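Visitor: I should like a close look at a single part of this model, one strand residue together with its surroundings. Please describe its setting in one connected account, and then place that setting within the chain.

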Amino acid sequence: MPTRRRFALPVLFAGLIGVGASAPALASGSHPHLPRESAQQLVAGVLAGRTSAVSGSLAWSPDLGLPSLSGLTTGGQGVPSSTGIDPTSLLTTSQTFRLWVDGSKERIATTGALAETDVLRNGRQAWVWNSATQHVDHYTFTQATGGAPAAPPAGVDPQTIAAQAIRQLEAAGTSITVGRPVDVAGVPAQVLQLRPTDQASSTVSSVDIAVDAANSAVLQVSINAVGQDVPALQLGFTSVHFAPPASSVFAPPQGATTSNHVVTPQSLHPQQPRSGWYGYAPLTQSSPAPVRTIGHGWSTVLEVSPSGQGGHTLAALETAARPVSGTWGSGRLLHSSLLDALVLPSGHVLVGFVPPAVLEADAAPLGG
């Protein structure tokens, strides 16, 4: 099936959430008085990165209307995790995190009912520690997999990059405005608001990004669904400090057993046998790309091939989805207020911030 590779809004959302994590719904309390800034000024400030050190507590709260997906990581058919981290719980369960960042050094800690999991990174070195097992996995990334991002070309300033990013968003059907300032964790913040110009093409009504007025750091991200009063996904600081954390914060835990791993491009695609819906084939030069995009802008849909590791993970959602069929064929639909996923008998998965009808239309050429 021919695909159209365009500016993918779901990828943008992933990036925004990632920025917020190295940064809940927008605060509804007081509205501080701040100088008016344009959208380009706000974006350029974030890109300029005027602060390299931050620490604090983060709150994550999903309200997607999904059932519990904990079964996807149990019973031998789920996503294996030796770290104690359950990615699927982020779709259904509110969580709190602690964060420390100082330049290239980062640490994030999450506390469960009986254990704490910490992820530490220093350049191309990373450690994952689970208190329940008292075990540390130490990863060394090769330059090809964990190198520092390339610097922008000489002479390209944040204002120029911001203007280009805004033009791309507008071309993808996005209205960009600046909302009323808010207080986030006691810090005055400007609010950048992104909205689809064609509301019928997406389940997203808006994405609101709060930016610290003094440091231009992203303090919180809120993704709002059409027809829902409370945010569908929200991540933000509940307390924040802009000062270098103590160096001891970034030291790997003492007294724990350690396993060392070297991560290379080849090791990212392990040779494992296929196993029906839940297995995945080795990625070779002749293998189809595991993820493709269909459509553009806010109606972008990701098509995940069963040959990729992403297919292995997403196809497991079939266990929590309901049967659907139509003139396009048949499949199983996981429906929420924001994110929908359609699993086809072939093992392909279509997922996006779009109504089910869009997924079903995109499934027709795949022979659902």
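Guide: The residue to begin with is Leu120, which lies in strand β4, residues 116–122. The model is predicted, and every value below is computed from it. Leu120 has a relative accessibility of 3% and therefore counts as buried, the cut-off for that class being under 20% relative accessible area.

The surroundings of Leu120 come from several parts of the sequence. With neighbours within four places in sequence left aside, the residues in contact with Leu120 are Glu106, Arg107, Gln125, Ala126, Trp127, Val249, Phe250, Ala251 and Pro252. For Glu106, which is 14 residues away along the chain, the C-alpha atom is separated from that of Leu120 by 5.7 Å.

The contact with Arg107 has a counterpart in the strand pairing. Strands β3 and β4 run antiparallel and are joined by seven bridges, and Leu120 in β4 is the bridge partner of Arg107. Strand β3, residues 105–111, is also joined to strand β2, residues 95–102, by six bridges, again in the antiparallel sense. In that pairing Arg107 of β3 stands opposite Trp100. Arg107 also lies over the face of Trp100, at 4.7 Å from the ring centre. Two residues separate β2 from β3 in their hairpin, where Gly103 takes a positive phi near 65 degrees. As for pairs of aromatic rings, the structure holds one.

Gln125, another contact of Leu120, leads on to the next pairing. Strand β5 (residues 125–130) pairs with strand β6 (residues 135–141) over six bridges in the antiparallel sense, and Gln125 has Thr140 of β6 as its bridge partner. The hairpin of β5 and β6 has four residues between the strands, and Gln134 there adopts a positive phi near 50 degrees. Strand β6 is further joined to strand β12, residues 257–263, through seven bridges, and these two strands run parallel. Here Val136 stands opposite Thr258 in β12.

A second region, later in the chain, can be read from helix α6, residues 356–363. Its buried residues are Leu359, Asp362 and Ala363. Viewed down the axis of α6, these buried residues fall within an arc of 105 degrees, so they line one face of the helix. Ala357 and Ala361 are exposed on the other side of α6. The packing partners of the buried residues of α6 are the strands β13 (291–294), β14 (301–304), β16 (329–334), β17 (340–343) and β18 (349–352).

Among these partners, β18 is covered on both faces: Val349 and Val351 on one side, and Leu350 and Gly352 on the other, are all buried. In a regular strand the side chains alternate between the two faces of the sheet. Three bridges join β18 to β14 in the antiparallel sense, with Glu303 opposite Leu350. Four bridges join β18 to β17, and this pair also runs antiparallel; there Asp340 stands opposite Gly352. The hairpin of β17 and β18 has five residues between the strands, and Gly347 in the turn shows a positive phi of about 100 degrees.

Earlier in the chain, helix α2 offers another packed element. Ala39, Leu42, Val43, Ala44 and Gly45 are buried in α2, and the buried residues of this helix pack against α4 (158–171), β7 (174–184) and β8 (187–196). Gly49 follows α2 and has a positive phi, near 60 degrees. Gly49 is placed in the loop between α2 (39–48) and β1 (53–62). With a relative accessible area of 45%, Gly49 is partly exposed. Its C-alpha atom is separated by 10.0 Å from that of Val218, which is 169 residues away along the chain.

To place these details within the whole, the secondary structure of the protein chain comes to six helices and 18 strands. The chain has 368 residues, of which 43% count as buried, Leu120 being one of the buried residues. The accessible surface of the chain comes to about 17500 Å², and carbon and sulfur atoms account for 57% of that area.

Terms used:
Residues are numbered from 1 along each chain as its sequence is written. This is a predicted model: local features need pLDDT of at least 70, side-chain atom pairs count only at pLDDT 80 or more; totals for chains, interfaces and linings use all residues. Side-chain values use heavy atoms; hydrogens and water are left out. Buried means under 20% relative accessible area, exposed over 50%, partly exposed in between (1.4 Å probe, protein chains only). Rings of Phe, Tyr and Trp (its six-membered ring) pair if their centres lie within 6.5 Å; planes under 30 degrees apart count as stacked, over 60 as edge-to-face and the rest as tilted. A charge sits over a ring if NZ of Lys or CZ of Arg is within 6 Å of the ring centre and within 35 degrees of the ring normal. The arc is that of the directions from the helix axis to the C-beta atoms. Contact means heavy atoms within 4.5 Å. Two strands pair if DSSP finds at least two bridges between them. Accessible areas come from the Shrake-Rupley method with a 1.4 Å probe; for residues, only the protein chains shown count as cover.
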